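Trainee: Could we go through this model together, one question at a time? I would like to see how each answer is reached.

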Protein chains: 2
Amino acid sequence: MAVDTATISRALVEQIVREAVAKRLGAGGPTASASERKLVVHASARHVHLSRQDLDVLFGAGHELTPDKDLYQEGNYAAAETVMLVGPRRRTLGSVRVLGPLRKESQVELAITDAIQLGIDAPVRLSGDIEGTPGVVVIGPAGIVELRRGVIRAAIHAHMNPAEAAHYGVKQGDRMKLRVAGAAPVVFEGVQVRIDPSSRLNVHMDTDEANACALHLATGFELFK
Amino acid sequence: MAVDTATISRALVEQIVREAVAKRLGAGGPTASASERKLVVHASARHVHLSRQDLDVLFGAGHELTPDKDLYQEGNYAAAETVMLVGPRRRTLGSVRVLGPLRKESQVELAITDAIQLGIDAPVRLSGDIEGTPGVVVIGPAGIVELRRGVIRAAIHAHMNPAEAAHYGVKQGDRMKLRVAGAAPVVFEGVQVRIDPSSRLNVHMDTDEANACALHLATGFELFK
């Protein structure tokens, strides 16, 4: 029953997030300079990344993820597949979305609200930095995987390509600030810079951060050093 | 069943909040100057304030609230009494704490996460400013009240007495900033100043804000203009 509740609540969160996603500041298309590029801010609901091996166990040998919706960063997508998570005291989160593509190691990204629900003390980490993080039980339609590690609260971060990084004067791993103006104005001071040639300028926060700053009511964004 | 889930989750939130409450910066006791006073930051879980009339309906005519735990602001307390809230599409939040003392008009303070759960679009307001806000159904052991208004997401605010306000150079209704240092550093830029002779310096945020800044991992607080 906890699962149903969590699912309903999350569905609405995602709806709000989709509305917030529509907000864009500044002009600029694909050929605009970095300074003219739109700053897009997304809230990521809780999700999992899976390894090939764990996908086989959870959904059956050789299973391929079904892309359901493209994400803003090219090549990334929300899959049709979902899993259930079970915490150490049999507390659950149901219907947690799988994001593609597959990764070398499975990873679970939760907001702190989700982590409290599961009874897991999730450390704040950048995606991929999962040494020493807690594990969780993952249940799929074909099997169960007990992850020994990989549960994190993803640190707020900004994807950008090298030209955009040069525009801001930042390098890989630097921290920037994001000001969200509106009904509940907030400056997130620990926005970690992730530079990749294939990236588009894009800040990712989680649902706790989105709710704290009332992202669905935001009137403007400012990313700065 | 939604009620059980919400209750468990909230209980843990409250536990984390209690831990965070222990954090204090700076020295100073009751006789210290404003600049030396400790800055205490609290997260308020969702709660309701009730009018005399609504308390009578919900808990029985002439019922008196049972103080369960004193809050930091003198005279305020968490009561033993709880109510259930029912949103417009029969979505519920169970065991929502009643805070005392009674007020002239009932009011429901929710985090945005809670409001999403209930299916209510709660505006960001200061406590008491409920003109034009949505209503909700409140269920108690002795009866049901349909509030026509009063559901808000309480804006982050700082209680202080006139001496503390003078120290900061702020007046009633001004906005200040609160920096929370730690694993997820955040500056809340819309901290509303509430001055009262009986107040003690104290910032109140809600559970979304507490989770966004990982308040339980905070290493320091700074309140400034």
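Trainee: Is S127(A) buried or exposed?

Mentor: Happy to help, and keep in mind that this is a predicted model. Buried means under 20% relative accessible area. S127(A) has a relative accessibility of 15%, so S127(A) counts as buried.

Trainee: With which side chain does the side chain of S127(A) make a polar contact?

Mentor: Start with its place, the loop between strand 7 (124-125) and strand 8 of chain A. Leaving out residues up to four places away in sequence, S127(A) touches R103(A), E109(A), I152(A) and R194(A), among others. The polar contact, at 2.9 Å, is with the side chain of Q107(A).

Trainee: Now helix 2 of chain A: why are its buried residues on the same side?

Mentor: Good one! The buried residues of this helix, residues 52-59, are D54(A), L55(A), L58(A) and F59(A). They lie on the same side of helix 2 because the arc they cover around the axis is only 105 degrees.

Trainee: What residue follows helix 2 of chain A, and what is the sign of its phi?

Mentor: Look just past the end of the helix. The phi there is near 105 degrees, hence a positive value, and the residue is G60(A).

Trainee: How many nonpolar residues are in the lining of the second largest cavity?

Mentor: The search of the whole structure finds three cavities of 30 Å³ or more, and the second largest has a volume of about 50 Å³. Its lining includes A183(A) and A184(A) from one chain and V124(B), A155(B) and I156(B) from the other. By class, two lining residues are polar, two are charged and five are nonpolar.

Note on methods. Residues numbered from 1 in each chain as written. Chains lettered and ligands numbered in written order. Predicted model: local features only at pLDDT ≥ 70, side-chain atom pairs only at ≥ 80, totals over all residues. Heavy atoms only, no water. 1 Å grid on protein atoms, 1.4 Å probe; cavity = no way out; pocket = protein on both sides within 12 Å on 5 of 7 lines; lining within 4 Å. Points joined across faces, edges and corners; volume = space filled by probe spheres on them. Nonpolar A, V, L, I, M, F, W, Y, C, P; charged D, E, K, R; others polar. Buried < 20%, exposed > 50% of the residue type's maximum accessible area, 1.4 Å probe, protein only. Helix = DSSP H or I, 4+ residues; strand = E, 2+ residues; numbered from the N terminus. Arc of directions from axis to C-beta. Polar contact = N/O pair within 3.5 Å; in protein donor to acceptor, adjacent residues only side chain to side chain. Contact = heavy atoms within 4.5 Å.
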